[in-house]
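Dear colleague,

Please find below the structure that I am handing over to you, followed by an account of what was found in it.

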Amino acid sequence: MPNGDALIDCRGVTVRFGGVTAISNLSLSIREGEILGIAGPNGAGKTTLFNVISGHVKPVAGEVLFAGERISGLPPHKIFQRGVARTFQLADVITEQSFYANVLVGAHFAKDRGLRGMFRFGAGSYVAADTAAERYGLGNRLGIRGGTASLFERKMIMLASAMAHKPSVLLLDEPVGGLSEEESDTLLEHVQRIAAEGTTVVVIEHVMRVLTSVAQRLVILNRGELLFDGAADDAREDKKLQELYFGSTAEV
Ligand SMILES: Nc1ncnc2c1ncn2[C@@H]1O[C@H](COP(=O)(O)OP(=O)(O)OP(=O)(O)O)[C@@H](O)[C@H]1O
């Protein structure tokens, strides 16, 4: 359960791409232990927000704090090593390497091993990769080449490698997009378990009924600004949202 402390604090974050303002002076706290859902129409700035938190995009103004320390400005691998892991909207794997090697890479680079340790997989990485591969249902396909993985398998490989060293925060960018109902349910069960075991989870998802089935709190972005921040149950009652979001293109 959330204990209410802000684990990630975005303060006045602005991101621009040329003339496009993707995020505009956004302040948002992600509380320790919660599952936070993020929704919003196409181009609202959801993925950009993840990119700022994970260090893939630098804000032109504002800052991001993790556990009270500024992480904006750090490179992505340093932020990952601090305990902020993520998955990507496009489920990508190393196609020429096995399922196992893909997970092992995540397990290895989740820790800062210094210059010498960086080039050698140690026992700790293997143990973490073994455990994560088993946990995320990859145990009987470890030797298979990544390039042959189905969409669901690619998503599970990404999840296993993000989770191998039990990060404090997991950012999931449209984790169930393209999956069958059964595959979505399996993935969402993993998400619930990850949260129950103490990792703070942030999920971007378009389909509101998927989002409200896992998230206690919802943030809705529109044109880079915060449109709603509150209990998932209250989102449907919000008049502004009904007009701008539920009434238009969003699948409910
Ligand atoms: N690397 C980039 N270069 C230029 N413009 C970008 C870049 N990344 C995002 N944008 C623009 O920033 C805005 C926000 O994009 P973002 O991908 O964050 O939205 P989103 O809410 O995740 O959308 P979707 O639901 O379609 O994934 C959009 O106008 C997008 O075109």
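**The shell around the ligand**

By class, the residues around the ligand comprise six polar, four nonpolar and one charged. The model is a predicted one, and the residues in question are Phe17, Val20, Ala22, Gly40, Asn42, Gly43, Ala44, Gly45, Lys46, Thr47 and Thr48. Two elements, β2 (20-31) and α1 (46-54), each contribute at least two residues to this shell. The largest contribution is that of α1, which supplies three residues.

**Confidence of the prediction**

The average pLDDT over the chain is 90, and 94% of the residues reach at least 70. For the complex, the predictor reports an ipTM of 0.96 together with a pTM of 0.91.

**The four-stranded sheet**

Strands β2, β1, β4 and β5 make up an open sheet in the order β2-β1-β4-β5, and the pairing is antiparallel. At its edges are β2 and β5, each of which pairs on one side only. As a general point, the strands of a sheet pair through backbone hydrogen bonds, in either a parallel or an antiparallel sense.

Beginning at the β2 edge, β1 and β2 run antiparallel and are joined by eight bridges. Two of the residue pairs may serve as landmarks when you inspect the model: Ile8 has Ile30 of β2 as its bridge partner, and Val15 has Ile23 of β2. The two strands form a hairpin with two residues between them, and Gly18 in the turn adopts a positive phi of about 60°.

On the other side of β1 (residues 6-17), the antiparallel pairing with β4 (residues 61-66) extends over five bridges. Here Thr14 is placed opposite Ala61 of β4. Strand β4 in turn pairs with β5 (residues 69-70) through two bridges, again in the antiparallel sense. Phe66 has Glu69 in β5 as its bridge partner.

**Positive phi outside glycine**

Two residues other than glycine deserve a check of their backbone angles. Asn25, a residue of strand β2, has a positive phi near 45° although it is not a glycine. Asn25 is classed as partly exposed because 14 C-beta neighbours lie inside 10 Å, a count that falls between the limits of 12 or fewer for exposed and 20 or more for buried.

The other is Ala67, which is located in the loop between β4 and β5. This loop belongs to the hairpin of those strands, where two residues separate them and Ala67 takes a positive phi near 50°. Ala67 is likewise a residue other than glycine. With 16 other C-beta atoms within 10 Å, Ala67 is partly exposed.

**Gly224 and Asp229**

Which residues does Gly224 touch, not counting those up to four places away in sequence? They are Thr21, Ala22, Ile23, Ser24, Leu26 and Gly45. Among these, Ala22 and Gly45 also belong to the residues surrounding the ligand. Gly224 itself lies in the loop between β9 (217-222) and β10. The C-alpha atoms of Gly224 and Thr21 are 7.1 Å apart, although 203 residues separate the two in sequence. Gly224 counts as buried because 23 other C-beta atoms lie within 10 Å, and the cut-off for that class is 20 or more.

Asp229 belongs to strand β10 (residues 225-231). Is Asp229 buried or partly exposed? Its 15 C-beta neighbours inside 10 Å place Asp229 in the partly exposed class. Asp229 is 191 residues from Ile38 in sequence, while the C-alpha to C-alpha distance between them is 9.3 Å.

**The nonpolar core**

In soluble globular proteins, nonpolar side chains tend to be buried together. In this model the largest nonpolar core contains 72 residues, and Val103, Ala132, Ala160 and Val203 have the most contacts inside it. Helix α6 (residues 151-163) is the main contributor to this core, providing seven residues.

Ala132 offers a useful view of the packing there. Apart from its neighbours within four places in sequence, Ala132 is in contact with Val103, Ala107, Ala160, Met163 and Ala164. Val103 and Ala160 thus appear both among the contacts of Ala132 and among the residues with the most contacts inside the core.

With kind regards

Key
Residues are numbered from 1 along each chain as its sequence is written. This is a predicted model: local features need pLDDT of at least 70, side-chain atom pairs count only at pLDDT 80 or more; totals for chains, interfaces and linings use all residues. A nonpolar core is a set of buried Ala, Val, Leu, Ile, Met, Phe, Trp, Tyr and Cys residues joined through C-beta atoms within 7 Å. Two residues are in contact if their C-beta atoms, placed from the backbone, lie within 7 Å. A residue is near a molecule or strand if its C-beta atom, placed from the backbone, lies within 6 Å of it. Ala, Val, Leu, Ile, Met, Phe, Trp, Tyr, Cys and Pro count as nonpolar, Asp, Glu, Lys and Arg as charged, and the others, Gly among them, as polar. pLDDT is the predictor's confidence in each residue, from 0 to 100. Two strands pair if DSSP finds at least two bridges between them.
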